[in-house]
Amino acid sequence: PSVFCAIRDGLPGAIPVLSAISVRMAEPGAHLPAVDEDINEEGEEEDENDDTGDEEEEESGEDGDDLDWQGSVDEETRDLFSTKTLPSPQACLDFMKQSYGFDLLAVMERRGMDLYARIRFVNFLRAAAASGTALKPKDCAELVVPEDDRYLLPVVEADPLLQVLEDVLAQPDGSESYPATLPVAQLLLRDLERRQQGQESSSSTSALPSSSSSSSTSGAPSHGVELVLDEFCFRQFEDPSYPGTRLNIAKEEFERRVNEAYSELQRKASGKEVLAEGYAPFCKHLFLPNFLEDCVTSVAEITDQNRHLLCSGYLARTEDELPVLCRWFPAGSVPTTRAAMLDLILYSREQCEKERLAMGRPGPPLTTGPPWRIISVKAQNEPFECPMQPITMMRNALIEEGGSGVALDREAYRRSVAYWETHAIVK
């Protein structure tokens with residue numbers, strides 16, 4: 001009980017996790033400490049000679065049918081990126097390695113994920129698949145999942161894949177491996193204590209003056225501006241009727257904060273690419289935690305309860321483009337929440353110049369300057385690309401009508417339809 005109380009008091013949302021994850025039993029002949037044994041501060045049993053628990057265990061029956069948390073490691077397990085079902089968690093892990101080159105456990109170990117992060121990671125991928133959002137396995141190795149307790153709750157009931165997460169838990173430096181027989185409750189408690197220690201250490205460090213804060217007063221990143229706002233994005237700052245994410249911040253301040261965050265990501269990545277691939281070679285994505293307090297999600301799910309609130313009409317993104325039929329929820333008609341992430345959609349400087357010439361827009365040629373330009377910002381909860389609207393994909397095939405000149409991908413279009421059939425923007 002002391003273990004469960006500590007977790008309950010220390011982490012909101014931990015109890016639903018414990019009730020949803022089956023504790024994997026040890027191999028035949030191995031000793032699995034019962035979760036309700038007395039555990040001292042060092043995580044050891046108080047009395048090794050106390051056989052009371054054994055007597056009670058014998059009374060409950062040899063087969064242990066009354067232990068509703070007893071799980072099986074041979075349960076059918078659904079693939080993280082498709083609807084395919086495999087005969088066991090191990091078969092699922094092997095399938096992902098062979099089919100996608102995605103080694104889930106190796107990714108978790110390399111990134112030093114604790115048990116909470118591992119659970120969130122799996123549930124986040126499950127949620128993305130359930131929503132119809134296409135996730136590329138190659139992009140998931142560096143996927144950043146928000147530390148949101150809702151991702152501690154299983155998407156798949158009694159998910160067998162969650163049961164194997166305890167097998168390869170280790171310190172980020174690889175100095176300690178947990179025995180496979182250690183109950184999940186004890187793992188959660190250990191991780192909770194380490195997280196609390198880390199927070200205390202972080203708090204004491206943050207009180208010290210930063211060596212970099214005194215070296216610059218401009219607030220600009222030391223490496224210079226690498227991302228700039230394209231004029232196409234200005235409407236999100238200036239147009240109060242814009243049907244999507246509105247940005248209530250000065251453009252210069254937004255650009256400065258984005259470049260600071262981008263610079264920090266590059267520093268931590270140690271030479272690795274931090275921009276995610278987009279739908280074409282000239283398109284990239286930068287996913288940042290939302291730093292705007294009033295920036296809310298701009299898309300809502302369509303339900304039988306709110307379907308009657310939908311509006312429709314012909315809208316054009318700019319004066320140069322032809323209006324197209326759109327539908328939306330009026331702002332305030334459906335609940336919205338503060339977005340967890342900002343998806344910055346980037347186009348290369350060359351692509352922006354190509355589109356400017358195709359549309360006959362005036363202005364100096366974009367032959368110099370930063371290589372990437374921010375053409376749109378989406379406030380969302382997912383740190384990956386959500387499907388663009390079908391009409392946007394159609395228009396992209398027509399560069400003379402404001403598109404990017406990319407041919408229509410029929411499979412991607414069908415996925416887009418599946419998503420937007422049940423979602424609408426909030427305008």
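This report describes the sheets, helices and nonpolar cores of a predicted model.

## Basis

The model is predicted, so local features need pLDDT of at least 70 and side-chain atom pairs count only at pLDDT 80 or more, while totals for chains, interfaces and linings use all residues. Residues are numbered from 1 along each chain as its sequence is written, and side-chain values use heavy atoms, with hydrogens and water left out.

## The five-stranded sheet

Helices (H or I, at least four residues) and strands (E, at least two) are DSSP runs, numbered from the N terminus. Two strands pair if DSSP finds at least two bridges between them. Strands of a sheet pair through backbone hydrogen bonds, either parallel or antiparallel.

One open sheet has five strands in the order 3-10-9-5-4, with mixed pairing. Strand 3 (227-229) and strand 4 (276-277) are at its edges; each has a single partner strand, so one side of each is left without a neighbour in the sheet. Strand 4 runs antiparallel to strand 5 (residues 283-289), and two bridges join them. Glu277 stands opposite Lys284 in strand 5.

Helix 11 (residues 251-269) packs on this sheet and touches strand 3, strand 5, strand 9 (341-348) and strand 10 (372-380). Contact means heavy atoms within 4.5 Å. The direction of helix 11 makes about 160° with that of strand 3; axes are lines fitted to C-alpha atoms, for helices over the stretch in contact, and angles run from 0 to 180 degrees between N-to-C directions. Helix 12 (residues 349-359) lies across strand 9 and strand 10, at about 70° to strand 9.

## The four-stranded sheet

Another open sheet has four strands in the order 6-11-8-7, again with mixed pairing. Its edge strands, strand 6 (299-301) and strand 7 (311-315), each pair on one side only.

Strand 8 (residues 324-329) and strand 11 (residues 423-426) run parallel and are joined by two bridges. Trp328 has Ile425 in strand 11 as its bridge partner. Helix 14 (residues 410-420) lies across strand 6, strand 8 and strand 11, running at about 70° to strand 11.

## Nonpolar cores and cysteines

A nonpolar core is a set of buried Ala, Val, Leu, Ile, Met, Phe, Trp, Tyr and Cys residues joined through side-chain atoms within 4.5 Å. Buried means under 20% relative accessible area (1.4 Å probe, protein chains only). The largest core has 33 residues, of which Leu104 and Phe121 touch the most other members. Helix 6 (115-130) is among the helices that supply at least two residues, and its eight residues are the largest share. Apart from this core lies another, of 23 residues, including Cys233 and Trp372.

Cys233 counts as buried because its relative accessibility is 0%. Cys295 is buried too, at 1%. The whole structure has zero disulfides (pairs of cysteine sulfur atoms within 2.5 Å).

Note on methods
Buried < 20%, exposed > 50% of the residue type's maximum accessible area, 1.4 Å probe, protein only.
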